[in-house]
Amino acid sequence: MAAAQGRLSDGADGMDDANEGDPHAGGAAPPPFRAAVDALRTARLRPQIEVEPTPAPQRLAPFSYALEATVVDGDQDLADGRLVLLHDPAGHDAWHGTFRLVTLVRAELEPEMAADPLLPDVCWSWLTGALQARGLAYGEPSGTVTRASSHYFGGLSARPAASQIEIRASWTPREGLGGVPDTAAHLASWCDLLAQVAGLPPAGPGDASVVTLPQRRGPQSR
């Protein structure tokens with residue numbers, strides 16, 4: 001799957017320590033994890049977001065499952081991301097639960113937007129706001145928002161300067177019946193975040209007040 005800056009390979013919180021085999025490697029997956037993964041696989045998402053499974057990290061938890069997503073407009077890729085579901089049946093002190101969601105989201109920006117000192121706070125509020133807008137309970141959120149600029153010289157001097165925003169975050173989804181979190185709703189909220197970062201219009205009439213990034217100049221062809 002094409003990505004805004006090539007395939008995701010930056011090692012977000014160990015997310016590039018990929019398990020190339022079965023996502024349930026390490027033993028028979030417990031029923032709560034199987035149910036959570038099944039919900040991710042069957043979730044319905046807005047059509048501009050292409051989602052597919054990808055190898056999951058091996059060493060972050062006994063069980064893990066990962067997805068990659070690209071926000072697509074015609075033949076243009078506007079933003080990309082990765083979402084990893086972690087599960088430790090014994091629980092994890094730092095998570096305060098048995099499940100954890102870890103994500104990396106990124107997109108290119110207009111240079112003027114990248115220079116806005118409030119941009120990191122706004123981007124973080126998009127993540128928490130996307131979860132709250134769907135009424136999702138979660139705990140222990142943490143993460144970073146990073147702005148990066150690239151300037152080209154010598155044989156690459158013809159390329160225009162480029163700016164990028166990157167959100168790395170994790171949170172603990174609250175568990176429901178049978179100890180299973182509503183992973184489909186968490187995936188939908190994550191896709192809402194991707195759409196905002198990509199500059200897509202709100203998905204529904206109730207979201208008209210949401211402010212999104214303007215689409216980057218000259219989105220990359222797929």
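These exercises work through helix packing and the nonpolar cores of a predicted model.

**Exercise 1. Overall layout**

Task: State how many helices and strands the chain has, and give their order.

Solution:
- Step 1. Count the elements: there are four helices and nine strands.
- Step 2. Read along the sequence: the pattern is β-α-β-β-β-β-β-α-α-β-β-α-β.
- Step 3. Check burial: of the 222 residues, 45% count as buried.
- Step 4. Check contact range. Take contacts between residues at least 6 apart in sequence; 69% of them join residues at least 24 apart.

**Exercise 2. H1 against H4**

Task: Describe how H1 packs on H4, and classify the crossing.

Solution:
- Step 1. Two packed helices are described by the angle and the distance between their axes.
- Step 2. Get both values. The axes of H1 (residues 31-42) and H4 (residues 183-198) come within 8 Å and cross at roughly 45 degrees.
- Step 3. Classify: this angle makes H1 oblique to H4.
- Step 4. Assign the hand: H1 passes H4 in a right-handed crossing.
- Step 5. List the residues. H1 contributes Ala36, Ala39 and Leu40, which meet Thr183, Ala184 and Leu187 of H4.
- Step 6. Sort them by class: five are nonpolar, one is polar and none is charged.

**Exercise 3. H3 against H4**

Task: Repeat the analysis for H3 and H4.

Solution:
- Step 1. The axes of H3 and H4 come within 8 Å and cross at roughly 145 degrees.
- Step 2. The crossing of H3 with H4 is right-handed.
- Step 3. On the H3 side, the contact uses Cys123, Trp126, Leu127, Ala130 and Leu131. On the H4 side, it uses His186, Ser189, Asp192, Leu193, Gln196 and Val197.
- Step 4. By class, the contact has seven nonpolar, three polar and one charged residues.

**Exercise 4. The nonpolar cores**

Task: Find the largest nonpolar core, its best-connected residues and its sources.

Solution:
- Step 1. The largest core has 42 residues.
- Step 2. Rank by contacts inside this core: Phe33, Val71, Leu85, Trp190, Leu193 and Val197 have the most.
- Step 3. Trace the sources. H1, E4 (63-73), E5 (76-92), E6 (97-109), H3 (119-133), E8 (162-173) and H4 each supply at least two residues.
- Step 4. Find the main supplier: H4 gives the largest share, nine residues.
- Step 5. Inspect Leu85. Leaving out residues up to four places away in sequence, Leu85 touches several residues, including Phe33, Ala36, Val37 and Leu40. Among its other partners are Phe63, Tyr65, Phe99, Arg100 and Thr183.
- Step 6. Look for another core. A second, separate one has seven residues, including Ala61, Ala66, Val84 and Leu86.

Key. Residues numbered from 1 in each chain as written. Predicted model: local features only at pLDDT ≥ 70, side-chain atom pairs only at ≥ 80, totals over all residues. Heavy atoms only, no water. Axes fitted to C-alpha atoms, helices over the stretch in contact; angles between N-to-C directions. Parallel < 35°, antiparallel > 145°, perpendicular 65-115°, else oblique. Left-handed = near helix turned anticlockwise from the far one by under 90°. Contact = heavy atoms within 4.5 Å. Nonpolar A, V, L, I, M, F, W, Y, C, P; charged D, E, K, R; others polar. Core = buried A, V, L, I, M, F, W, Y, C linked by side-chain atoms within 4.5 Å. Buried < 20%, exposed > 50% of the residue type's maximum accessible area, 1.4 Å probe, protein only.
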